[in-house]
There are 2 protein chains.
Amino acid sequence: MSRRRLLGTAGAVGAGGLVVGGLGGASVAEAVREDPDPLSGVGSATVPFHGDHQAGIADPAQAHGHLLAFDLAPGADRKAAAALLRRWSATAAELAEGRTPKGDDTGIALDAGPSSLTVTFGFGRSFFDRTGLTDRRPAALEPLPAFTQDALDPKRGDGDLWVQIGADDALVAFHALRLLRKQAGDAVRPRWEMSGFNRTPGATPRPMTQRNLMGQVDGTNNPKPTDPDFEEKIFVPRDRKGPDAWMAGGSYAVVRRIRMLLDTWDNLPLERQERVIGRRKSDGAPLSGGGETTPVDLEKIGPDGALAIAGDAHVRVAAPSANRGATMLRRAFSYHDGFRDDGAPDAGLLFVAWQADPMKGFVPVQRKLDRGDGLSRFLRHEASGLFAVPGGCAEGEYVGQRLLEG
Amino acid sequence: MSRRRLLGTAGAVGAGGLVVGGLGGASVAEAVREDPDPLSGVGSATVPFHGDHQAGIADPAQAHGHLLAFDLAPGADRKAAAALLRRWSATAAELAEGRTPKGDDTGIALDAGPSSLTVTFGFGRSFFDRTGLTDRRPAALEPLPAFTQDALDPKRGDGDLWVQIGADDALVAFHALRLLRKQAGDAVRPRWEMSGFNRTPGATPRPMTQRNLMGQVDGTNNPKPTDPDFEEKIFVPRDRKGPDAWMAGGSYAVVRRIRMLLDTWDNLPLERQERVIGRRKSDGAPLSGGGETTPVDLEKIGPDGALAIAGDAHVRVAAPSANRGATMLRRAFSYHDGFRDDGAPDAGLLFVAWQADPMKGFVPVQRKLDRGDGLSRFLRHEASGLFAVPGGCAEGEYVGQRLLEG
């Protein structure tokens with residue numbers, strides 16, 4: 001029974017039906033409520049959990065995100081992992097519909113609607129050794145190459161299991177995090193957690209490309225679900241054969257915690273910032289002309305006789321045309337964790353990039369950026385993870401079932 | 001010129017007016033935009049900066065909050081502090097109206113409306129010695145008494161200057177934080193920073209009392225601006241005389257970082273949680289009967305012959321009637337900073353309590369809670385601050401002017 005429908009019933013029973021002096025063991029979801037109001041707006045939006053692909057990939061990034069990695073506890077085996085993914089999937093499906101899972105008395109999200117909640121599950125490289133599934137580990141989970149500008153903290157990277165939570169309400173997102181942690185019990189140990197944010201829906205006059213904490217419009221050239229090659233570029237083919245056939249309909253997530261050197265960046269004059277990026281800050285239009293969505297013209301010569309888009313401009317070095325069509329779907333959250341010992345902001349981007357094959361998405365682009373991107377001197381990659389995110393599941397199934405029971 | 005009005009003008013000029021190939025030094029706010037859409041919803045809401053009281057006290061807590069403390073740098077004197085508060089006040093006023101301050105090219109909040117942004121400034125006890133103003137320090141800034149259950153980290157408490165930022169959009173709030181930090185230059189050094197959250201407007205069917213991370217409806221008995229004694233209890237009288245006459249119309253903020261032992265709490269059965277609080281979790285109704293806003297009946301005997309509200313229930317120990325009418329306005333943010341080394345969540349409440357006199361608000365209530373509150377074994381007070389928050393200022397004035405130039 002949905003939380004909202006429950007409230008409707010309570011309203012019909014009448015406000016006089018309130019229980020006095022204790023509930024005699026009724027769960028919080030069963031308790032009589034005085035609130036028959038229907039949901040509308042931010043709270044009412046839902047993203048279905050079940051489907052060919054997992055939620056939280058092709059749908060818009062929410063206002064709040066949590067990225068969590070867990071390691072299996074010593075002794076936890078493939079069977080324990082299967083039981084966990086089964087529990088987690090059932091819970092994620094209920095929460096996505098705005099229902100209160102049985103036995104959940106936390107109450108944290110009780111008044112709110114699902115608020116576009118998504119929960120996405122993935123497996124790290126180490127998961128396969130620990131569960132005796134090494135022979136089914138995808139080749140795509142080979143460790144990412146080292147980049148010269150990396151300064152990675154291994155404690156905040158990788159992990160056996162990865163969970164991405166997103167919602168447009170902070171308490172709804174936190175509630176999901178708490179429930180999943182609780183349901184994991186002793187089977188896993190938390191490895192790292194990162195939390196981030198995006199615009200609140202309605203803060204801008206219309207839905208717009210997100211801005212990052214450098215103030216830059218970020219994500220204009222993202223592939224769109226309506227692109228003819230979107231499925232092919234972002235998702236593993238449905239007819240995938242071989243040891244990683246279980247990844248059919250899945251995707252690979254590259255997660256990078258990218259700190260921005262904001263004090264340095266903000267001291268740069270606007271014009272130099274725009275030259276570094278290759279786009280205008282105000283509206284994200286390429287410096288080669290047009291509006292935000294006008295294709296970047298890398299050959300365009302400006303009135304001063306120089307290239308309109310500089311040789312080391314971020315948009316030039318990252319352009320698909322400069323990377324043999326390499327494509328990834330970036331779906332990031334900004335983060336801000338106060339300041340560091342030196343007083344500089346500990347803030348930047350929780351970069352999450354999705355692709356059918358990291359060797360045809362993140363890796364070639366990052367190789368180019370690592371060498372020639374004018375933006376990279378304002379960034380520090382501090383943590384990195386690569387996760388195999390299986391396809392979605394149907395009702396009654398769970399994410400990863402084809403791997404864990406196959 | 002307001003950001004929104006600017007966009008309107010750009011629309012009238014027409015989309016063909018876009019500048020190609022660099023802006024020639026125009027600031028980001030002057031850049032031509034293609035976006036004539038009017039703001040509506042979350043983004044359009046404004047809270048005026050100017051007024052008898054500062055913003056961010058009597059208005060509802062926003063979805064995002066930052067609490068920052070600064071210490072004056074060595075050598076920074078009263079004059080430097082006055083210059084800083086003048087700059088900060090001017091910036092806060094512009095941001096509250098959705099304008100881009102001159103010279104601000106960060107762009108972080110560029111697409112969004114003010115989103116109910118408020119910025120509130122306060123002075124800590126140490127400020128007065130460092131600026132030669134000890135004789136004008138209010139007696140109300142005496143250090144808070146030690147409570148037996150405190151485990152305070154002095155590095156995360158107190159400070160010369162305190163800033164509270166709130167907004168319903170995370171980038172709008174972050175933008176304000178960045179600008180104020182930048183404008184502070186070398187005059188101050190950051191001491192501590194805490195960030196928190198509340199519900200996103202629209203996530204619930206109607207505006208409701210906030211829930212905290214224990215799932216409890218929290219703030220039902222808060223004084224309301226319509227209460228006849230609200231002004232008297234929360235704000236220093238306008239006709240204040242004596243050395244702290246500059247605090248007329250001001251208020252005192254008690255800030256406590258209160259970690260919640262959520263693993264322990266969540267393992268408690270619902271009925272025991274409700275007994276600890278004295279309210280039903282589902283809707284916040286007191287266990288003595290009625291709905292959320294029904295007055296708590298501390299004498300009520302339940303059907304089992306025992307007190308409906310237990311002797312150590314939080315609502316009993318905190319009740320104004322048990323504390324000679326002691327009243328404070330709680331305006332809190334939840335926080336979640338990942339997990340601790342032992343795997344427990346680092347999460348809880350950034351408790352901010354407002355009152356005309358801490359000795360008639362927070363102190364007597366906390367003394368009682370410290371001794372007799374059944375809830376306190378699930379809480380850890382980890383940081384504490386007390387700040388004198390001057391009255392609001394009129395246009396052309398700045399917050400604290402009566403102290404710093406008086």
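How many disulfides are there over all chains? The count comes to zero in this predicted model. The legends below take the cysteines, the pairing of the chains, the nonpolar cores, one helix and one loop residue in turn.

**View 1. Cys393 in chains A and B.** A:Cys393 counts as buried because its relative accessibility is 3%, under the 20% limit. B:Cys393 is likewise buried, with a relative accessible area of 3%. A disulfide is a covalent bond between the sulfur atoms of two cysteines. With a pair of cysteine sulfur atoms required to lie within 2.5 Å, zero disulfides are counted over all chains.

**View 2. The two copies, chain A and chain B.** A turn of 180 degrees, with a shift of 0.0 Å along the axis, lays chain A on chain B with an RMSD of 0.0 Å. The two copies are therefore related as by a two-fold rotation axis. Of the interface residues of chain A, 99% are also interface residues in chain B, so the copies meet through the same surface.

**View 3. The largest nonpolar core and A:Leu404.** This core has 82 residues, and those touching the most other members are A:Phe121, A:Phe127, A:Leu161, A:Ile165 and A:Leu404. Helix α2 (residues 78-96) of chain A supplies the largest share of the core, nine residues. Beyond its neighbours within four places in sequence, A:Leu404 is in contact with A:Arg78, A:Ala81, A:Ala82, A:Leu85, A:Phe123, A:Phe127, A:Leu133 and A:Tyr398. A second, separate core of 81 residues includes A:Ile108 together with B:Ala81, B:Leu133 and B:Leu161.

**View 4. The buried side of helix α9 in chain B.** Helix α9 (residues 362-372) of chain B has as its buried residues B:Phe362, B:Val363, B:Val365, B:Gln366, B:Leu369 and B:Asp370. These residues lie on the same side of α9(B) because they cover an arc of only 160 degrees around the axis. Their cover includes the chain B elements β5 (251-260), α8 (314-318), β8 (345-355) and β9 (379-389).

**View 5. B:Ala61 and its contacts.** B:Ala61 sits in the loop between α1 (3-13) and β1 (64-72) of chain B. Its relative accessibility is 21%, so B:Ala61 counts as partly exposed; the limit for buried is under 20%. Neighbours within four places in sequence aside, B:Ala61 is in contact with B:Asn198, B:Gln210, B:Arg331, B:Ala332 and B:Phe333. B:Arg238 is 177 residues from B:Ala61 along the chain, and the C-alpha atoms of the two are separated by 24 Å.

Technical notes: Residues numbered from 1 in each chain as written. Chains lettered and ligands numbered in written order. Predicted model: local features only at pLDDT ≥ 70, side-chain atom pairs only at ≥ 80, totals over all residues. Heavy atoms only, no water. Buried < 20%, exposed > 50% of the residue type's maximum accessible area, 1.4 Å probe, protein only. Helix = DSSP H or I, 4+ residues; strand = E, 2+ residues; numbered from the N terminus. Arc of directions from axis to C-beta. Contact = heavy atoms within 4.5 Å. Least-squares fit on C-alpha atoms with pLDDT ≥ 70 in both. Core = buried A, V, L, I, M, F, W, Y, C linked by side-chain atoms within 4.5 Å.
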